[in-house]
Amino acid sequence: MGKILRLPTEGLALAVATEWDRQEGVLEQSSMYLTNLSNAATDKPVPQSPAERASDILEFLETDTVRFRVEEPAHLVQLQALAWDPVVKWVQDRHQVEITWTDSIVAPPVAGETREKIGRYLTSYDSWSLIGLQAIVEGLKSVILALAVVDRHLSVETAVALSRLEEEYQIAQWGNVEWAHDITALHLRASVAASVLFIHLNTEVSSTNRKSAPKS
């Protein structure tokens with residue numbers, strides 16, 4: 001008998017059930033994003049605490065894509081500034097932190113206060129939600145973009161485009177295998193969208209009105 005997958009909210013349970021209902025013929029596990037995230041939350045014999053998961057996510061801040069800029073060409077330097085600076089400013093204002101960037105290969109240090117404040121924000125989420133947030137960070141290679149998309153400051157499409165800024169620039173310059181590029185971009189958008197949904201479904205407050213049992 002298979003293992004029962006127990007989920008924390010009704011909304012997430014319905015969404016996972018919908019993923020299974022859409023499977024026809026061969027099971028496409030790679031397309032079952034919510035199921036995979038739920039499995040990740042239940043597979044570990046000793047679950048991580050929110051503080052432990054937040055600490056893992058914070059490790060990505062040091063090598064955040066948005067914190068690494070190019071020195072040249074000038075057009076890409078300008079493109080990165082125009083695209084990334086507003087998001088960095090939003091995160092700084094939203095969380096009252098300082099975020100620096102570099103145009104070298106050496107990662108700039110993350111201020112202790114910045115780490116502390118963002119860590120405190122992350123631990124306001126439960127462990128399940130943090131699994132979704134970590135998946136977004138890993139997909140976008142950016143804590144900064146992940147914070148913006150989870151707080152709905154950026155759409156999923158915009159966040160993915162910003163995470164792929166340099167890659168898209170290089171493709172525009174030199175070309176690429178078109179179908180491979182499209183599949184990669186679509187998969188990333190679907191994965192990030194599902195992870196955002198996973199977070200919101202785990203933090204939902206059920207407002208379902210249930211009928212009272214008839215009085216005898």
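In what order do the elements of the protein run from the N terminus on? They run α-α-α-α-α-α-α-α-α-α. The model on screen is predicted. With the cartoon view on, the count is ten helices and zero strands.

**The whole chain**

Start with everything selected. The protein has 216 residues, and 40% of them count as buried. Now consider contacts between residues at least 6 apart in sequence: 70% of these join residues at least 24 apart.

**The largest core**

Next, select Leu122, Leu133, Ile136, Ile144 and Val192. These are the residues with the most contacts inside the largest nonpolar core, which has 41 residues. In soluble globular proteins, nonpolar side chains tend to be buried together.

To see where this core draws its residues from, colour the helices one by one. Those that give it two or more residues are α3 (50-58), α4 (74-95), α5 (112-122), α6 (127-140), α7 (143-150), α8 (156-163) and α10 (178-202). Which helix gives the most to this core? It is α7, with eight residues.

Stay in the core and pick Ile144. Leaving aside its neighbours within four places in sequence, Ile144 is in contact with Leu61, Asp64, Val66, Arg67, Val87, Val88, Val91 and Ile99.

A second core, separate from this one, has twelve residues. Select Leu12, Val16, Tyr33 and Ala194, which are among them.

**Val87, from the other side of a contact**

Go back to one of the partners of Ile144 and select Val87, which sits in helix α4. Is Val87 buried or exposed? Val87 has a relative accessible area of 3%, so it is buried. Residues up to four places away in sequence not counted, Val87 touches Ile144, Leu145, Ala148, Leu154 and Leu162. Then draw a distance from Val87 to Ala159: the C-alpha atoms are 9.7 Å apart in space, while the two residues are 72 apart in sequence.

**One helix with two sides**

Show α5 alone, with side chains. Which residues of α5 are buried? They are Thr114, Ile118, Gly119, Tyr121 and Leu122. Turn the view to look down the axis of α5: the buried residues fall within an arc of 155°, so they line one face of the helix. On the other side of α5, Gly112, Glu113 and Arg120 are exposed. Bring back the neighbouring helices to see what covers the buried residues of α5; the cover includes α3, α4, α6 and α7.

**The largest pocket**

Turn on the surface and select Thr65, Phe68, Trp84, Gly139, Leu140, Lys141, Ser163, Arg164, Leu165, Glu166, Glu167 and Leu188. These residues line the largest pocket, which has a volume of about 220 Å³. Colour the lining by residue type, and it divides into five nonpolar, three polar and four charged residues.

Two helices, α6 and α9 (165-174), each supply at least two residues of the lining. Of the elements, α9 gives the most, with three residues.

**His187**

Move to helix α10 and select His187. His187 has a relative accessibility of 42%, so it counts as partly exposed. With residues up to four places away in sequence set aside, His187 touches Ser30 and Tyr33. Tyr33 has already appeared on this tour, as one of the residues of the second core. For a distance, take His187 and Ser31: they are 156 residues apart in sequence, and 8.7 Å separates their C-alpha atoms.

**Three stops in the loops**

The last stops concern the backbone, so show its atoms.

- Select Glu72 and Pro73. A cis peptide bond joins them, with omega about 0°. Pro73 is in the loop between α3 and α4.
- Select Gln96, in the loop between α4 and α5. Phi of Gln96 is near 55°, a positive value in a residue other than glycine. With a relative accessible area of 54%, Gln96 is exposed.
- Select Arg152, in the loop between α7 and α8. Arg152 is not a glycine, yet its phi is positive, at about 65°. Arg152 is exposed, and its relative accessible area is 61%.

Notes
Residues numbered from 1 in each chain as written. Predicted model: local features only at pLDDT ≥ 70, side-chain atom pairs only at ≥ 80, totals over all residues. Heavy atoms only, no water. Core = buried A, V, L, I, M, F, W, Y, C linked by side-chain atoms within 4.5 Å. Buried < 20%, exposed > 50% of the residue type's maximum accessible area, 1.4 Å probe, protein only. Helix = DSSP H or I, 4+ residues; strand = E, 2+ residues; numbered from the N terminus. Contact = heavy atoms within 4.5 Å. Arc of directions from axis to C-beta. 1 Å grid on protein atoms, 1.4 Å probe; cavity = no way out; pocket = protein on both sides within 12 Å on 5 of 7 lines; lining within 4 Å. Points joined across faces, edges and corners; volume = space filled by probe spheres on them. Nonpolar A, V, L, I, M, F, W, Y, C, P; charged D, E, K, R; others polar.
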